[in-house]
Amino acid sequence: MQTQMLVDEAVETLQSQIDDTTIIACSGGIDSTVAAVLAHRAVGNLLHCVYVDTGLMRKDESDEVAHMFSDLGIELKVVDASERFLNHLSGVTDPEEKRKVIGEQFIRVFEGEQEGCGAKFLVQGTIAPDWIESGGGNRDVIKSHHNVGGLPEDVDLVIVEPLREFYKDEVRAIARDLGIPSSERQPFPGPGLAVRVLGDITPDRVAACREACYIVETRLQAAAAEGRCELPWQYFAALLPVRSVGVHGDARVHGETVVVRAVTSLDGMSAKFSEIPHDVLAEISTEITNSLKGQVNRVVYDITHKPPGTIEWE
Ligand code: XMP
């Protein structure tokens with residue numbers, strides 16, 4: 001179907017579903033941004049867009065999202081809840097538990113916002129792979145995506161999911177059609193850096209992962225712009241709670257490990273690891289170990305396809 005028709009149909013459906021004040025969590029990611037623009041087209045000022053800074057976002061992300069919404073002409077309320085999220089995640093190491101905590105805190109923050117604006121509806125940017133991989137139909141639960149499995153059952157809002165039947169490539173096409181500048185941004189998981197900080201989530205470890213992700217992103221974008229490699233579909237770093245010995249000056253220091261992940265994919269359902277030239281990987285490794293001296297002393301590259309691996313580590 002033509003993208004314009006998909007947009008018209010989605011807007012019409014939203015108009016038939018929503019008849020009162022509505023709230024949406026905008027992460028700045030392509031899914032929630034497309035959902036917000038569609039909902040804004042459908043119900044205009046009935047829609048309240050809220051951006052929750054969980055403390056688990058990428059470098060400069062909050063400012064960029066605020067600018068994007070301002071350019072789209074949609075009002076965005078920014079709520080800084082980073083302390084709350086990091087406090088609740090303290091001591092939680094199980095990945096599914098982290099997702100549950102994040103999902104729950106999201107909804108608690110929303111309850112506050114909902115009370116403020118009296119929202120009766122909640123628009124979510126759930127796309128097909130989210131619910132298929134969360135155990136839709138008779139499939140096994142692979143992981144509970146925070147916008148599906150992590151929702152508490154007592155949520156007092158009608159949930160509307162305009163992108164539920166769409167795959168990532170379709171959402172990208174719609175984003176381009178709607179003039180959303182993030183349409184070429186790589187995907188970023190809803191629970192943010194929490195899925196890339198394995199083990200304990202502490203402010204220091206989140207900061208290290210954020211910096212490593214930033215280095216991978218900027219180095220690979222620069223290498224692609226210089227024609228040294230293709231820009232992968234998704235590329236990032238994860239921080240592993242694996243300590244190994246390294247040398248720092250004259251001393252032997254036990255530092256943690258960063259894994260670099262870069263994949264080509266169409267929709268995230270399957271993926272191949274990207275063939276990044278070794279000299280580009282070497283630059284990434286050197287910058288990470290220099291920037292995170294004393295904290296990270298080893299960088300590895302993940303050469304696993306999906307399946308059998310997933311794209312994220314968790
Ligand atoms: P996996 O790791 O399952 O990821 O191979 C497939 C794609 O989904 C992204 N991802 C998420 N996106 N909420 C999201 O909106 C989530 O909880 C989530 N977990 C993973 C991942 O980055 C990849 O693009």
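Two exercises on a predicted model follow, one on its sheet and one on helix α2.

Local features need pLDDT of at least 70, side-chain atom pairs count only at pLDDT 80 or more, and totals for chains, interfaces and linings use all residues. Residues are numbered from 1 along each chain as its sequence is written, and side-chain values use heavy atoms, with hydrogens and water left out.

**Exercise 1.** State which strands stand at the edges of the sheet.

Solution.
- Take the order: the open sheet has 5 strands, β3-β2-β1-β4-β5, with parallel pairing. Strands (E, at least two residues) and helices (H or I, at least four) are DSSP runs numbered from the N terminus; two strands pair if DSSP finds at least two bridges between them.
- Read off the ends: β3 (76–80) and β5 (158–160) each have a single partner strand, so one side of each lacks a neighbour in the sheet.
- Check one edge: 5 bridges join β2 (residues 47–53) to the parallel β3, and D53 stands opposite D80 in β3.

**Exercise 2.** Decide whether helix α2 is largely enclosed or not, and name what covers its buried residues.

Solution.
- Count: 12 of the 14 residues of α2 are buried, so the rest of the structure largely encloses this helix. Buried means under 20% relative accessible area, exposed over 50%, partly exposed in between (1.4 Å probe, protein chains only).
- Name some: the buried residues include I30, D31, V37 and V43.
- Find the cover: it includes α1 (3–17), β1, β2, α3 (61–72), β4 and α7 (168–178), where contact means heavy atoms within 4.5 Å.
- Look past the end: G44 follows α2 and has a positive phi, near 55°.
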